[in-house]
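Work through these exercises with the model open. Each task is followed by a stepwise solution.

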Amino acid sequence: MTRIVIIGGGPGGYEAALVAAQLGAQVTLVEQDGPGGACVLTDCVPSKTLIATSVRKQALLDAASLGVSFTGGPDGDVGSVGVDLPLVNKRVKELAQAQSADIATRVEAEGVEIIRARGRLVDPQVVRAGDRTIRADVVLVATGATPRVLPGAEPDGERILNWRQLYDLEELPEHLIVIGSGVTGAEFAGAYRSLGAEVTLVSSRDRMMPNEDADGAEVLEEVYRRRGMNVMGRSRAASVKRTDDGVVVTLEDGRTAEGSHALMTVGMVPNTSGIGLEEAGVQLDRGGFIKVDKVSRTSAPGVYAAGDCTGVLMLASVAAMQGRIAVWHALGEAVQPLRLSTVASNIFTDPEIAAVGVAQRAIEAGEIEANVVKLPLATNARAKMQGFNDGFVKLFCRPHTGIVLGGVVVAPRASELILAVSVAVQQRLTVDQIAHTFAVYPSLSGSITEAARRLMQPGVSI
């Protein structure tokens, strides 16, 4: 029986453990924080739970435009909707623990041994887990990553925070300054603004989320500004210091911004130091990420890696697939190498921004030839009924064959709507095939079939 030891219990680790156990391997999962790892306990699950609360409150704030009024508050209107932050954070942490427990139950039911300890490689076939030494035929490293700390802006857990420290706040920040306008910064900035905090978002670039779809980022920035957020572009933070009752953020151009709290969202660093990787022959890149190929192999024989510690699209879904691919390959199963062009992603802002396949910037740069159609969400009947005015559906296809290359959806629950486009990209469907597929009327998904009809190829039949 093949012995597999997995270091790290996040999506890359526990999903790999499930596959390995189902294929008959003897599996040990080593995780110091708990099943699910940081993804479930401190990062993805808690943040999206908090965001779900903020979206619900924003819906109440927007309800007046639909003719819904509220009574019983001190002002007798929607403006009296409040937030009990300790209760919100209690729910966030309890849900994370419950999800971790569910994962543990599922994994142990498959016969996987869970060791709650810090794991490290002794050599490519030996893992040290706490006071135990385990010999393995295959090792999978899935140790994740940690929030980056900038010199001069070290979190103290009280006024200067990373996102893992937010859930211990007893009160809603009066004025939260978010440093970093990437995906994480944009998500938390929007969430706390909807919850009622004054928010300043400090962006070092011309716009929010510079690596994401430009049209989507523009829509979101307009929404944020309309909701009262102060978005500071071209404003790189040089330092963050505590004051008697808050923080002061000093920008590189000498300007300052003052608030009650600062949230640092300036990227991630891999958890790859001090666990014996280089000593075991595992190569790291200049950023400390583990180098892997498309089937998750490292440079050390029998050692694989998955998830954020590899720096390959830091998404839970990618980590899980990397872990599965590693196990399938290690156990001799048929495996398809990871295809990043088919990965769907979502930004859990309000509205959400989901994307899959090629990016418009690649089309505009002449790297890929494609036809493009973009439909405003405001023209969709269901969107009108629900009062959704911000967003769009964008679809890309090859000019002559009509094969779908990708798309972007900016809408409430875009994470659900993108699946249709993701299936089309994965299965190489054409816009004609999508156009001939029934969509419910009225529905937001109807905009996807409508976009496909706009791109249909004359004279092509299915």
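**Exercise 1. Find which helices each supply at least two residues of the lining of the second largest pocket.**

Step 1. Four helices do so: H3 (44-62), H6 (214-226), H9 (381-386) and H10 (414-427). Helices (H or I, at least four residues) and strands (E, at least two) are DSSP runs, numbered from the N terminus.

Step 2. The model is predicted: local features need pLDDT of at least 70, side-chain atom pairs count only at pLDDT 80 or more, and totals for chains, interfaces and linings use all residues. Residues are numbered from 1 along each chain as its sequence is written, and side-chain values use heavy atoms, with hydrogens and water left out.

Step 3. H3 gives the largest share of the lining, 8 residues.

Step 4. The pocket holds about 1200 Å³ of space. A pocket here is an open set of points on a 1 Å grid over the protein atoms alone, where a 1.4 Å probe fits, with protein on both sides within 12 Å along at least five of seven lines; lining residues have an atom within 4 Å of a point. The volume is the space filled by probe spheres set on the points, which are joined across faces, edges and corners.

Step 5. There are 33 lining residues, and those closest to the centre are Val55, Asp350, Phe388, Pro412 and Arg413.

Step 6. Sort the lining by class: 13 nonpolar, 9 polar and 11 charged residues. Ala, Val, Leu, Ile, Met, Phe, Trp, Tyr, Cys and Pro count as nonpolar, Asp, Glu, Lys and Arg as charged, and the others, Gly among them, as polar.

**Exercise 2. Examine two central residues of that pocket, Asp350 and Arg413, for backbone geometry.**

Step 1. Asp350 is joined to Pro351 by a cis peptide bond, with omega about 10 degrees. Pro351 sits in the loop between strands S19 (344-347) and S20 (352-357).

Step 2. Arg413 is not a glycine, yet its phi is positive, about 60 degrees. Its loop runs between strand S23 (404-411) and H10.

Step 3. Arg413 is exposed, at 52% relative accessibility. The classes are buried, under 20% relative accessible area, exposed, over 50%, and partly exposed in between (1.4 Å probe, protein chains only).

Step 4. For background, most residues other than glycine have a negative phi, and most peptide bonds are trans.

**Exercise 3. Compare Thr184 and Glu187, two of the positions that UniProt lists under "binding site".**

Step 1. The feature comes from an unreviewed UniProt entry, and also includes Gly180 and Gly267. The listed residues spread over 88 residues of sequence but cluster in space, with a largest C-alpha distance of 13.5 Å. UniProt positions follow the numbering used here, feature names are shortened, and annotations may be inferred rather than shown by experiment.

Step 2. Thr184 lies in helix H5 (residues 183-195). Glu187 lies in H5 too.

Step 3. Thr184 is partly exposed, at 29% relative accessible area. Glu187 is buried, at 4%.

Step 4. Leave aside neighbours within four places in sequence. Thr184 is then in contact (heavy atoms within 4.5 Å) with Trp163 and Thr265. Glu187 is in contact with Lys48, Ile51, Asn346, Ile347, Phe348 and Thr349.

**Exercise 4. Describe the two sides of strand S1 (residues 3-7).**

Step 1. Arg3, Val5 and Ile7 point one way, Ile4 and Ile6 the other, and all are buried.

Step 2. S1 pairs with S2 (residues 26-30) in the parallel sense over 5 bridges. Pairing requires at least two DSSP bridges between the strands. Ile6 has Leu29 as its bridge partner in S2.
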